[in-house]
Amino acid sequence: MTTTPSPDTTSPAEPLSPPPPAGRLAALAPRVTLLRVAGGALAVIGALLPWATFVLNEGPYPEKSTLQFFVAPLAVTGFRLHLVVLGLATIVVSLVPAVPAKGRIVRALGWGIIAIAVLNGAYIAVEGGGVGAITAAGGSVAFGSLVALAGGVLAVLGATAAGLEPVPTWTWRLPTWAEWLLLVVVYILLLLVVAAVLTSGGQGGVVNPYAGAVFLSTLGAVGGALGALHASGLLGWVGVVSERHRVYSVIVLLAVALALPLTGAGTEYWMTVAANIGVYAATAIGLNIVVGLAGLLDLGYVAFLGIGAFVAANLSGAAASQVGIELPFPVVMVISAVIAGIFGAIVGSPTLRVRGDYLAIVTLAFGEIFVRSAQNNIGGLTGGANAIPNIPPVSVLGTSFADPITVGPIQLPSGVLYYVLIVLLVAAVMLVFGNLKNSRLGRAWIAIREDEDAARAMGIRTGPIKILAFLIGAMLAGLAGAFFAHKTAVVAYDSFRFLESVTLLAAVILGGMGTIPGAVLGASILFVLPEKLREFSDYRLLLFGIALILIMRFRPQGLVPDRHRRAELAADAPGAPPPLPATAPVQTAAAGGGS
Amino acid sequence: MGLLESFSTQLTQCFGSTSPPVFVFLQQIINGLVLGSLIGLIALGYTMVYGIIQLINFAHGEVFMVGAYGGLATFTYLLPTFAAREWYIALPLVLLGGALISVLVAVAMERFAYRPLRNAPRLAPLITALGVSVALQEAVRVFYPNATAALPFPNIFVPGSLSFSVGGGDIAIKYSGILLLVVSLVLAIALQIFVDGSRMGRAMRATAQDRDVARLMGINPDRVIVLTFVIGGALAGIGGVLYGGYLNNINIDMGFQTGIFAFTAAVLGGIGSIRGAVIGGLLIGLVKSLGGQCLPGGTAYDYVWIFVVLIVVLVFRPQGFFGETERVRA
């Protein structure tokens with residue numbers, strides 16, 4: 001798997017020299033360098049000015065935002081450090097003549113600056129008691145956010161005024177050992193960035209009301225930096241390099257993922273969050289087979305996760321389970337997957353006669369029947385409203401997975417073994433997906449997705465193959481379910497409602513249908529955001545619904561679009577350019593990774 | 001185990017030696033017909049929208065829910081107390097308020113969520129509809145005062161119920177239930193006459209058959225589609241208010257479930273058929289009330305039987321009772 005974002009699909013297919021500027025911005029064209037430098041300088045100045053005239057809620061946020069420049073000029077941390085870095089980068093990129101695609105890079109940096117300024121300014125204004133908090137109050141002034149915002153706007157204006165250059169494509173080839181070294185360094189940096197973003201702001205909740213704002217601000221800074229790297233063509237180049245050493249990249253990436261507990265994210269809380277993300281990522285990959293590859297919309301998919309979880313709970317030796325036997329975890333996983341797969345085949349069997357929207361409704365009906373039955377404690381197997389509590393943790397050779405472990409001098413938090421297990425599970429699921437996608441079966445699924453009648457005419461036995469999609473997808477969800485039951489120790493019908501199915505579907509769509517990184521990325525976003533934005537938890541579902549509408553409206557192909565799928569979905573979108581030939585190799589890297 | 005036990009108990013309750021007297025059945029049938037007429041009323045919205053733009057408007061159930069809250073808001077905040085005292089003043093005003101809100105919501109969702117996706121692949125509008133459904137439900141929960149729990153709904157019709165004794169027991173129908181039944185049937189008949197007889201109705205049928213040819217004939221499809229959403233929204237809003245008055249209790253979850261039932265009814269009757277939607281609705285109502293009485297699991301499983309009916313119909317007769325085979329697009 002590579003984490004390379006896809007090339008900017010909105011980049012117009014234009015000649016290599018910037019097009020003549022047009023419109024109202026044209027007047028600014030001769031002075032773009034001045035504008036860009038001024039923008040960067042304002043961002044740095046804004047970072048050093050005070051941002052609020054008092055300490056908010058007597059808490060640590062905004063970190064030293066009342067800092068006076070003359071008292072401690074170098075004590076710049078947190079979002080102000082991000083601002084300084086982005087601002088200096090803007091100035092350097094604008095002034096060094098050798099940098100290509102200046103406008104594009106500065107635009108990304110400028111948007112990052114704007115995001116930081118707006119997020120922190122808005123937070124201070126709202127939580128600190130009105131606009132007074134960011135302008136002037138109590139005889140002192142605090143307009144750091146306004147200055148930084150002006151800087152960001154200037155940078156973006158200066159970047160776009162002269163027209164945007166296309167993203168350059170680099171074709172450097174280094175010796176193999178150098179490329180391997182480069183990939184290791186890049187992936188370790190990636191790990192550090194992920195850990196930093198994950199832990200930024202700390203654990204959300206009542207005790208830490210700043211978590212959401214700090215997290216979003218960090219996300220804005222990282223987004224701006226990544227956008228700039230992408231605009232410079234470097235990310236695309238790294239993607240091509242990692243594609244050249246695909247097996248090596250996958251191994252390094254796996255090792256890096258397993259090293260997450262060694263970073264700042266290595267606490268019990270983050271291990272639990274990461275394990276939950278892993279469960280939903282594995283399930284989303286299973287759903288991706290059904291929806292993304294075979295094109296069969298399933299609105300009751302979370303039921304298979306539930307079936308796997310309830311099977312595992314009943315075979316775990318928990319006091320509340322009806323079946324009084326306790327089996328070793330690997331056996332339980334297999335049984336859960338098989339039973340979920342059988343149900344998958346049953347739910348999939350109507351596909352022989354029903355298509356499209358009607359199939360979506362049939363799967364929804366199956367999902368509702370599952371939830372209702374589980375709620376009513378069907379056959380005494382689901383515990384009903386009492387759930388099945390006290391499921392014992394997985395243990396191997398006397399080591400319980402719920403305990404912290406010590407390896408030599410390193411103390412690892414509890415839950416780390418679960419994390420390792422889920423990373424390996426997700427990796428295995430990815431491997432299954434990647435190989436299936438490129439197999440005869442996967443091509444048959446894609447053919448059915450594109451045109452079922454044509455596929456049948458080509459000699460594909462559509463019936464069994466569609467049921468197979470449901471069966472395999474459900475088995476993957478069942479595997480994840482068995483893990484889920486042991487990790488959370490409680491399985492209740494409430495975790496498998498219709499909304500969870502919609503969330504999983506949204507994860508697949510947000511990430512990009514039919515791609516592996518897409519499903520994982522989508523699941524991560526949809527399950528990290530609510531964890532971080534606890535103070536908005538009242539609006540969580542409202543925002544989720546609106547986001548779903550906006551995604552389908554403006555980016556139906558998802559964040560990591562699949563090649564076929566993108567061509568299919570973007571064809572009707574207004575203003576969508578034809579795919580650039582130059583982007584093809586990177587697409588292969590994004591779409592076909594993981595095998 | 002538990003399931004088998006309840007299976008046999010339930011069956012003996014209906015058909016065995018401990019079979020209940022006839023009036024229990026009659027009462028259940030009446031309950032089922034009242035619920036069914038509501039489901040039919042909402043199913044009209046599904047069937048018309050699907051007939052014209054081939055979209056399963058998941059959010060239609062939420063339009064019904066919003067209508068109920070709109071009616072409640074009208075009663076609570078707009079009606080002066082003297083008007084609220086007399087049902088013949090309150091009822092039309094509350095109905096108007098509920099229908100108005102529902103129409104606004106339905107038209108807005110068509111304009112801003114569905115119209116931009118008119119030519120997108122089939123999956124996109126369906127997922128958008130899911131998003132609209134979640135967003136509407138949450139918007140009411142967050143912004144309507146105290147909507148996190150179920151809210152009491154005022155009595156907006158003659159209180160009390162009509163009761164008579166049959167087969168050794170008493171049967172009761174709430175007057176508000178009779179109102180719901182009558183209004184639903186009258187509205188359905190009026191809609192049938194409108195679609196069959198009026199110029200605009202003809203334009204709707206033409207658009208449903210072939211949107212491009214209809215455009216060539218001088219019909220503005222956009223206007224027809226908006227009209228469809230207006231009619232569907234108004235019917236759902238009226239249904240929401242009447243249902244609130246019947247149960248005296250509304251909550252934000254009522255839309256999703258009733259919406260799925262209504263969709264089942266629309267499919268059962270045949271998508272695109274007005275008669276079919278009403279008859280399908282009545283049948284679904286009967287399945288729910290009699291299934292809760294007679295089938296294994298009792299009322300805890302009555303929803304399950306509706307979903308079973310839905311699956312069986314979609315698999316074995318997706319064109320429904322009155323649908324035309326070539327109309328089925330799925």
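1. Transmembrane regions of chain B. An unreviewed UniProt entry lists "transmembrane region" for residues 29-51, 63-83, 89-111, 172-195, 224-247, 259-287 and 299-316 of chain B. These are annotations from the record, and they may be inferred rather than shown by experiment. The model itself is predicted.

2. Two of these stretches in the model. Residues 29-51 of chain B are 100% helix and 0% strand. The C-alpha atoms at the ends of that stretch are 30 Å apart. Residues 172-195 of chain B come out as 88% helix and 12% strand. Here the end C-alpha atoms are 36 Å apart.

3. Contacts between the chains. Chain A uses 38 residues to contact 37 residues of chain B. On the chain A side, at least two residues each come from α12 (356-375), α17 (498-511), α19 (540-554) and α20 (563-570). The largest share belongs to α12(A), with eleven residues.

4. Make-up of that side. The residues of chain A that touch chain B divide into 23 nonpolar, six polar and nine charged.

5. Helix α14 of chain A. This helix spans residues 440-450. Which of its residues are buried? They are Ala444(A), Trp445(A), Ile448(A) and Arg449(A). These residues lie on the same side of α14(A), because they cover an arc of only 140 degrees around the axis.

6. What α14(A) packs against. Its buried residues pack against three elements of chain A: α9 (268-293), α15 (452-457) and α16 (462-488).

Definitions and conventions. Residues are numbered from 1 along each chain as its sequence is written. Chains are lettered from A and ligands numbered from 1 in the order in which they are written. This is a predicted model: local features need pLDDT of at least 70, side-chain atom pairs count only at pLDDT 80 or more; totals for chains, interfaces and linings use all residues. A residue is buried if 20 or more other C-beta atoms lie within 10 Å of its own, exposed if 12 or fewer, and partly exposed in between; C-beta atoms are placed from the backbone. Helices (H or I, at least four residues) and strands (E, at least two) are DSSP runs, numbered from the N terminus. The arc is that of the directions from the helix axis to the C-beta atoms. Two residues are in contact if their C-beta atoms, placed from the backbone, lie within 7 Å. Ala, Val, Leu, Ile, Met, Phe, Trp, Tyr, Cys and Pro count as nonpolar, Asp, Glu, Lys and Arg as charged, and the others, Gly among them, as polar.
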